[in-house]
Amino acid sequence: MTILALETSCDETAVAVLRDRKLLGSEVASQIAEHEKFGGVVPEVASRNHLVHAPRLLERVAREAEIDISRIDAFAATSGPGLASSLMIGASIAKGLAIGFGKPYLAINHLEGHLLSPFFGETEIRPNVSLIVSGGHTMSILVRRVGDYQIIGRTVDDAAGEAFDKIAKLLVLGYPGGPEIEKHAIKGDPKRFDLPRSMPDSENFSFSGLKTAVRYLLPKIVGRFCETPNDERRPTQTPYKLPEKDLADVCASVQEAIVDVLVRKTIAAARKHDVDLVTVSGGVSCNRVLRKQLDEACKRHGLEFKTAEPWLCTDNAAMIAFAAMLKLDNGASSNVTEEIDPNLALQ
Ligand code: KG4
Ligand code: ZN
């Protein structure tokens, strides 16, 4: 069984081919440079770029996999959640190929792709508490089996990756902010600044208070406040370039605050739901401090910890192909009339 999958839910164009759980080819074209100048992802720019990149990646992956596209057994694409105009491109291409070659089409939930990615290439998906942490999502999920998911907690405001990205912007660091903050945090003191851990007693997450706390902390460090008409001492909206040591300490303290909350709530969820396995996926799970602290906390509580290789944690089509393969194994496929859904829920 050979599956070709496309992932175009946001600003990454990705194509992959999987044969019997073995990856034959996988390509991702990032659009970071195109969106950086606008300070965020511009949906129309993203979809136009998907149109440019997808045919090129299809050819390249087919070459890598040494397969003619006419020999593919099923075509899959991310059908949500994501940007409507981006989702449409990948889904339309996969549907077109499925119709053209008379093969099944599979509409895959992006979040399901992430949460299954720690099991990439394996046959058995064991029950686990899954933490998905990306730029758009932060949720903990009880995974009973493929397709049987119960959401335990989710963010009530910003996602963890979004917090990394927004705080990095305040610090005049590049995009995406997560890897930048991780890099500067290496030499920093995570205990120097006491930053908030919001909603400690809830299963949900909240990160916007952390961003606000950092916004108020930065002018104190540099001793600079903006002038306002009524002379209030308010932090300016403008970003702050900090001296190297202060920057490292802020980054380390921010990272510690985010990781601390993620680890504590995930372990609590695993204990409450009586599973012996914890998994983590999504772009933020590339973070080495998060991986290390989750791993250590799992060991302390007698839990097994599993994550995917970093290239499988950020957006890619291999995870979509893998989710599609597991669904096909269960006899499922989708109708080509199935619409994309920007707000697609997990279930
Ligand atoms: O899963 P992903 O590639 O895209 C979404 O589905 O959102 O995640 C991207 C997010 C960005 O917010 C980025 O800053 C964050 O993952 N990220 C990290 C790291 N690498 C990527 N956050 C913290 N530490 C990292 N090393
Ligand atoms: Zn993602």
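Helix α6 (residues 177-185) and helix α8 (residues 244-272) pack at about 120° with axes 7 Å apart; axes are lines fitted to C-alpha atoms over the stretch in contact, and angles run from 0 to 180 degrees between N-to-C directions. Helices are DSSP runs of H or I with at least four residues, and strands are runs of E with at least two, numbered from the N terminus. Where the two helices meet, I181, E182, H184 and A185 of α6 face L247, A248, C251, A252 and Q255 of α8, contact meaning heavy atoms within 4.5 Å.

This is a predicted model, in which local features need pLDDT of at least 70 and side-chain atom pairs count only at pLDDT 80 or more, while totals for chains, interfaces and linings use all residues. Residues are numbered from 1 along each chain as its sequence is written, chains are lettered from A and ligands numbered from 1 in the order written, and side-chain values use heavy atoms, without hydrogens and water.

The zinc ion (ligand 2) has H110 (NE2), H114 (NE2) and D315 (OD) as protein donors, at 2.0 to 2.1 Å. Donors are N, O and S atoms within 2.8 Å of the metal (3.2 Å for Na, K and Ca); water is not among the atoms, so sites may look incomplete. Along the chain the donors have the spacing H-x3-H-x200-D. H110 in helix α4 (residues 110-116) and D315 in the loop between α10 (310-313) and α11 (318-329) are 205 residues apart.

Two of the donors are buried (under 20% relative accessible area, 1.4 Å probe, protein chains only):

| Donor residue | Relative accessible area |
|---|---|
| H110 | 5% |
| D315 | 18% |

Strands β2 (residues 12-19) and β3 (residues 22-30) run antiparallel, joined by eight bridges; strands pair if DSSP finds at least two bridges between them. A16 stands opposite S26 in β3. The hairpin has two residues between its strands, and D20 takes a positive phi near 45°.

Methods
Buried < 20%, exposed > 50% of the residue type's maximum accessible area, 1.4 Å probe, protein only.
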